[in-house]
Amino acid sequence: MKSKIHRFIIIILLLSMIPPSQASLTDDANGGKLFLSCVSDDECLLTPVPTGEEIISGSVQANPVSTETVALEFDMFPEQTELALLPDTMEELVIDLRVQGDVLGLYRPDMDVRVIIGSSVTNLEFDGETTPVTNTEPYRWTDEPLNLDSGRLLWPDETVRIRVTFTLDRPSTWEFHLREASYIELDI
């Protein structure tokens, strides 16, 4: 119970640093850029300013027969307050995930990302590299078309969320770099 109270106080303090004028994707001050932020390993948000933990991490004891999937969800906070017209494409999505295998070193696992904007859902995939790499670049998608089958309007109080899922097939330690390292940019 104490940790929940402490977490709540930390969230309130962090969010009080966000100016109230930056409460929507349409605000010119942030230009449609939202940062992936986590106030704890299990509480993550999309925020107009980088805040919270710099890195969240975890370890798994996976293998090719018994893979482990890690899923993280980032909900926009504060919520959308104005009507917005969604663009045809997402300017950029950057996810800085680094995975260290216990035996073979750094590698890039498969990643699936769902960008949920109102009733529109855009699915993005990245086929991982199973061979060791010397330097892992962030996962990056640029000028990706948004799925606008459900319309181009984002109404006030509609959900804006990013769900990141990656699958590990060997004993590994993963680090998700946040603050300014992972973000989404939309030209609203």
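**Close-up views of a predicted model**

**View 1. R161 is a partly exposed arginine.** R161 counts as partly exposed because its relative accessibility is 24%, and that class lies between the buried limit of under 20% and the exposed limit of over 50%. The model shown here is predicted. R161 belongs to strand β12, which covers residues 160–168. Two acidic partners meet R161, and Views 2 and 4 take them in turn: E73 and D75.

**View 2. E73 and R161 form a salt bridge.** Their side chains meet at 3.6 Å, N to O. The pair links distant parts of the chain. E73 sits in strand β4 and R161 in strand β12, 88 residues apart. E73 is partly exposed, with a relative accessibility of 36%.

**View 3. R163 also bridges to E73.** The closest N and O atoms of this salt bridge are 2.9 Å apart. Strands β12 and β4 again supply the partners: R163 comes from β12 and E73 from β4. In sequence, 90 residues separate R163 from E73. R163 is partly exposed, at 29% relative accessibility.

**View 4. D75 closes on R161.** The closest N and O atoms of the D75–R161 salt bridge lie 2.4 Å apart. D75 is in strand β4 and R161 in strand β12. These residues are 86 apart in sequence, so the bridge links distant parts of the chain. D75 has a relative accessible area of 28% and is partly exposed. Through shared partners, salt bridges join E73, D75, R161 and R163 into one network. A search of the whole structure finds 8 salt bridges.

**View 5. F74 and F176 make a tilted aromatic pair.** The structure holds 4 aromatic pairs. In this one, the ring centres of F74 and F176 are 5.7 Å apart, with 35° between the planes. F74 lies in strand β4 (residues 68–76) and F176 in strand β13 (residues 171–177). The two residues are 102 apart in sequence, so their pairing ties together those separate parts. Both F74 and F176 are buried.

**View 6. F166 and W174 meet edge-to-face.** Their centres are 5.4 Å apart. The planes stand at 75° to each other; the pair counts as edge-to-face because that class takes angles over 60 degrees. F166 is buried, and so is W174.

**View 7. Two arginines lie over tyrosine rings.** R108 lies over the face of Y139. The distance to that ring centre is 4.6 Å. R170 is placed over Y107, with its charged end 3.9 Å from the ring centre.

**View 8. The whole protein sets the context for the close-ups.** The fold contains 1 helix and 14 strands. Its chain has 188 residues, and 44% of them are buried. Contacts between residues at least 6 apart in sequence are dominated by long spans: 79% join residues at least 24 apart. The accessible surface is about 9,800 Å². Carbon and sulfur atoms account for 50% of that surface.

Methods: Residues numbered from 1 in each chain as written. Predicted model: local features only at pLDDT ≥ 70, side-chain atom pairs only at ≥ 80, totals over all residues. Heavy atoms only, no water. Phe/Tyr/Trp six-rings, centres within 6.5 Å; stacked < 30°, edge-to-face > 60°. Helix = DSSP H or I, 4+ residues; strand = E, 2+ residues; numbered from the N terminus. Buried < 20%, exposed > 50% of the residue type's maximum accessible area, 1.4 Å probe, protein only. Lys NZ or Arg CZ within 6 Å of the ring centre and 35° of its normal. Contact = heavy atoms within 4.5 Å. Areas by Shrake-Rupley, 256 points an atom, 1.4 Å probe, with all protein chains shown as cover.
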